[in-house]
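Student: Please give me a close look at a single part of this model, with its surroundings filled in as you go. I would like the details of its side chains and backbone in one connected account.

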Amino acid sequence: MDPTLTGLIDGIPPERLALAAVAATVLALVLLVALGVQLGKRRRAQRGSAEAWGHLRTVTGTMREGIVAYDMKLRLTFVNPAFERLTGYSEEDLRDQEFLQYIHPDDRPAVTAEWERLAQGASLPDQEYRVVTSAGQERWSSSSWEPMRDDSGRQIGYLGTEFDITERK
């Protein structure tokens, strides 16, 4: 042991050392309990989130409209089966693509030009553009985009609904 510490401890009465040891033990226990409570809350929140995503998948799984969501960093967070059918891409394939890569290259600049309004919290209703499927076919889509918000109202992403209007065109 460091001689300076030995001299320091030697000057403290044993009762005080015992009290300090008990206080340190109690503090450690309180911190462990607090950590356990926080971990429990996190696990419950994660289970709740997974359950909510499961409900969303169930509800949107039978819809004819495609549903697609991106976070604020433009990372894909959700697609439903109708969107996969519209584009011909699986969710995994869409995640591997660049942002809005499924939109026809000639139509993409107009859509991305409007995106700043969406990023500022506005809606983008009635967008029409061509989608290039995984097989290289062109399909027409009518879409509406809305900002997604958390419980406090803070924008956390973008939600699009896509409807195949190829037959009308």
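Tutor: Let's enter by way of Leu29, which is found in helix 2 (residues 14-60); helices (H or I, at least four residues) and strands (E, at least two) are DSSP runs, numbered from the N terminus. Please keep in mind that this is a predicted model, in which local features need pLDDT of at least 70 and side-chain atom pairs count only at pLDDT 80 or more, while totals for chains, interfaces and linings use all residues. Residues are numbered from 1 along each chain as its sequence is written, and side-chain values use heavy atoms, with hydrogens and water left out.

Leu29 joins Leu32, Leu35 and Leu39 in a nonpolar surface patch, and together they have about 380 Å² of accessible area. Such patches are made of residues with over 30% relative accessible area and no salt bridge, nonpolar side chains (Val, Leu, Ile, Met, Phe, Trp, Tyr) being joined within 5 Å and like charges within 9 Å. The areas come from the Shrake-Rupley method with a 1.4 Å probe, and for residues only the protein chains shown count as cover.

Now to the part I would like to show you closely: helix 5 and what lies around it. Helix 5 runs over residues 108-119; at 1.5 Å a residue its 12 residues should span 16 Å, and its end C-alpha atoms are indeed 16 Å apart, in agreement. The expected span here is 1.5 Å times one less than the number of residues.

Which residues of helix 5 are buried? They are Arg108, Val111, Trp115 and Leu118, where buried means under 20% relative accessible area, exposed over 50% and partly exposed in between (1.4 Å probe, protein chains only). These four cover an arc of only 65° around the axis, so they sit on the same side of helix 5; the arc is that of the directions from the helix axis to the C-beta atoms. An α-helix has 3.6 residues a turn, so residues three or four places apart point the same way. Pro109, Ala110 and Ala113 are exposed, on the face of helix 5 turned away from its buried side. The cover over the buried residues includes strand 3 (124-132), strand 4 (138-149) and strand 5 (155-164).

Helix 5 also holds a salt bridge, between Glu114 and Arg117, whose closest N and O atoms are 2.6 Å apart; the rule asks for a side-chain nitrogen of Lys or Arg within 4 Å of a carboxyl oxygen of Asp or Glu. The two partners are 3 residues apart in helix 5, about one helical turn. Glu114 is partly exposed at 26% relative accessibility, and Arg117 is partly exposed too, at 41%. Just after helix 5, Gly121 takes a positive phi of about 105°.

On the other side in sequence, the loop between helix 4 and helix 5 contains Leu100. Leu100 has a phi near 55°, positive although the residue is not glycine, and at 0% relative accessibility it counts as buried. Most residues other than glycine have a negative phi. Asp126, in strand 3, also has a positive phi near 55°, but Asp126 is exposed, at 65% relative accessible area.

Helix 4 (residues 91-96) holds Glu91 and Arg95, 4 residues apart, about one turn of the helix. Their side chains meet in a salt bridge at 2.4 Å, N to O. Glu91 is buried, at 10% relative accessible area, whereas Arg95 is partly exposed at 40%.

Another salt bridge pairs Glu138 with Arg130, the closest N and O atoms being 3.8 Å apart. Glu138 is partly exposed at 45%, while Arg130 counts as buried at 18%. Through shared partners, salt bridges join Asp107, Arg130 and Glu138 into one network. The full count by this rule comes to 7 salt bridges.

Finally, consider Tyr89, in the loop between helix 3 (81-87) and helix 4. Leaving aside neighbours within four places in sequence, Tyr89 is in contact (heavy atoms within 4.5 Å) with Glu84, Leu94, Gln97, Val132, Thr133 and Ser134. The C-alpha atoms of Tyr89 and Trp140 are 16 Å apart, with their positions 51 residues apart along the chain. For Arg168 and Trp140, 28 residues apart along the chain, the C-alpha separation is 8.7 Å. Arg168 lies in the segment after strand 5 and is exposed, with a relative accessible area of 65%.
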